[in-house]
Amino acid sequence: MRGTPAGMVSPHPLGGQLPAVYADDDFAQRFVEGLDVVLAPLFNVLDCLESYFTPALAPEDFVDWLTTWVGTELDGTEPLATRRRAVATAVSLHRVRGTRRGLSDAVQLVFGVRPEIIESGGATWSARPLGAFPGSPHPGLRVTLRVRDPAAVDPHRLHAVVAAARPAHLPFAAEVTHLPTPEGT
């Protein structure tokens with residue numbers, strides 16, 4: 001919640017804009033000074049309005065509000081840099097939502113690791129009619145997130161991200177596994 005920052009003054013004080021009869025009226029001047037204190041943050045926000053809609057510059061609480069505007073799949077516990085990146089990339093992620101790339105980008109945005117994705121579908125062409133269909137006849141999607149410490153990753157969060165970014169018609173499985181160590185280390 002925002003409050004009035006100490007020392008903020010109105011760029012347009014009301015006391016000087018009152019009719020001349022109130023220029024020497026102590027009560028009227030003190031009354032409008034109270035209004036200046038209330039209006040100063042509004043003028044400040046209006047002067048900086050463009051910055052509020054720039055994810056890299058917006059205040060933290062406004063970034064959280066922007067995440068709800070653009071439909072990000074965040075739960076609010078992510079670091080501020082991740083939330084800012086999610087707002088900034090929301091349009092491009094929505095454009096590829098439901099595709100392999102969109103799913104991979106969404107998981108990488110939240111967890112910082114590119115997942116392994118195995119899907120049952122495929123696309124091909126054939127010069128002859130009645131060619132074999134690509135992929136498996138049983139639809140499915142498997143997303144595996146390989147990390148150094150699987151206990152540090154919430155599998156339910158991975159499930160939620162995959163459910164939101166996958167093709168709508170595909171059943172899926174999501175798992176977090178240990179990153180294999182290279183041979184000889």
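**A58, two nonpolar cores and a spread-out chain**

Setting aside residues up to four places away in sequence, A58 makes contact with S51, Y52, V63 and R84. This alanine sits in the loop that connects α2 (49-52) to α3 (60-69). Its relative accessibility is 1%, under the 20% limit, so A58 counts as buried. The C-alpha atoms of A58 and C48 lie 9.7 Å apart, with the two positions 10 residues apart in sequence numbering. All of this is read from a predicted model, and the same holds for the features described below.

The wider setting of this loop comes next. Seven helices and three strands make up the secondary structure of the protein chain. Their order along the sequence is α-α-α-α-α-α-β-β-α-β. The radius of gyration is 27 Å, well over the 16 Å that the globule rule gives for 185 residues, so the protein chain is more spread out than a compact globule. Along the principal axes, the C-alpha atoms occupy a box of roughly 95 × 50 × 25 Å. Buried residues make up 29% of the 185 in the protein chain. The accessible surface amounts to about 12500 Å², and carbon and sulfur atoms account for 60% of that area. As for charge, the protein chain carries 16 positive and 20 negative charges, and the mean positions of these two groups are 16 Å apart. Among contacts with a separation of 6 or more, 56% join residues 24 or more positions apart.

Where, then, is the largest nonpolar core, and what builds it? This core holds 20 residues, and those with the most contacts inside it are L103, V107, L141, V143, L145, L158 and V162. At least two of its residues come from each of α6 (100-111), β2 (141-147) and α7 (155-165). Helix α6 provides the largest share, 5 residues. A second core, separate from this one, has 6 residues, with F62, V63, L66 and V87 among them. V63 of this second core is also one of the contacts of A58.

Three leucines help to picture the largest core. L103 belongs to helix α6. With a relative accessible area of 1%, L103 is buried. Beyond its neighbours within four places in sequence, L103 is in contact with I117, L141, V143, V162, A165 and R166. L141 and V143 fall within the range given for β2 (141-147), and V162 and A165 within that of α7 (155-165). By contrast, Y52, a contact of A58, has its C-alpha atom 28 Å from that of L103, at a sequence distance of 51 residues.

L145 is part of strand β2. Its relative accessibility is 0%, so L145 counts as buried. Once neighbours within four places are left out, the contacts of L145 are V107, F111, V113, P115, V153, L158, E175, V176 and T177. Q108 is 37 residues from L145 in sequence, yet the two C-alpha atoms are 9.4 Å apart. The third leucine, L158, touches V107, F111, L145, A174, E175 and V176 when residues up to four places away are not counted. V107, F111, E175 and V176 therefore appear in the contact lists of both L145 and L158, where contact means heavy atoms within 4.5 Å.

What is the setting of V9, in the segment before α1? This valine precedes α1 (26-47). At 65% relative accessibility, V9 is over the 50% limit and so counts as exposed. V9 and P167 are separated by 158 residues in sequence, and their C-alpha atoms are 53 Å apart. The valine thus gives an exposed counterpart, at 65% relative accessibility, to the buried L145 at 0%.

Terms used
Residues are numbered from 1 along each chain as its sequence is written. This is a predicted model: local features need pLDDT of at least 70, side-chain atom pairs count only at pLDDT 80 or more; totals for chains, interfaces and linings use all residues. Side-chain values use heavy atoms; hydrogens and water are left out. A nonpolar core is a set of buried Ala, Val, Leu, Ile, Met, Phe, Trp, Tyr and Cys residues joined through side-chain atoms within 4.5 Å. Buried means under 20% relative accessible area, exposed over 50%, partly exposed in between (1.4 Å probe, protein chains only). Helices (H or I, at least four residues) and strands (E, at least two) are DSSP runs, numbered from the N terminus. The radius of gyration is taken over C-alpha atoms; the globule rule is 2.2 Å times the number of residues to the power 0.38. Accessible areas come from the Shrake-Rupley method with a 1.4 Å probe; for residues, only the protein chains shown count as cover. Lys and Arg count as positive and Asp and Glu as negative; His and the chain ends are not counted. The place of a charge is taken as NZ of Lys, CZ of Arg, CG of Asp or CD of Glu.
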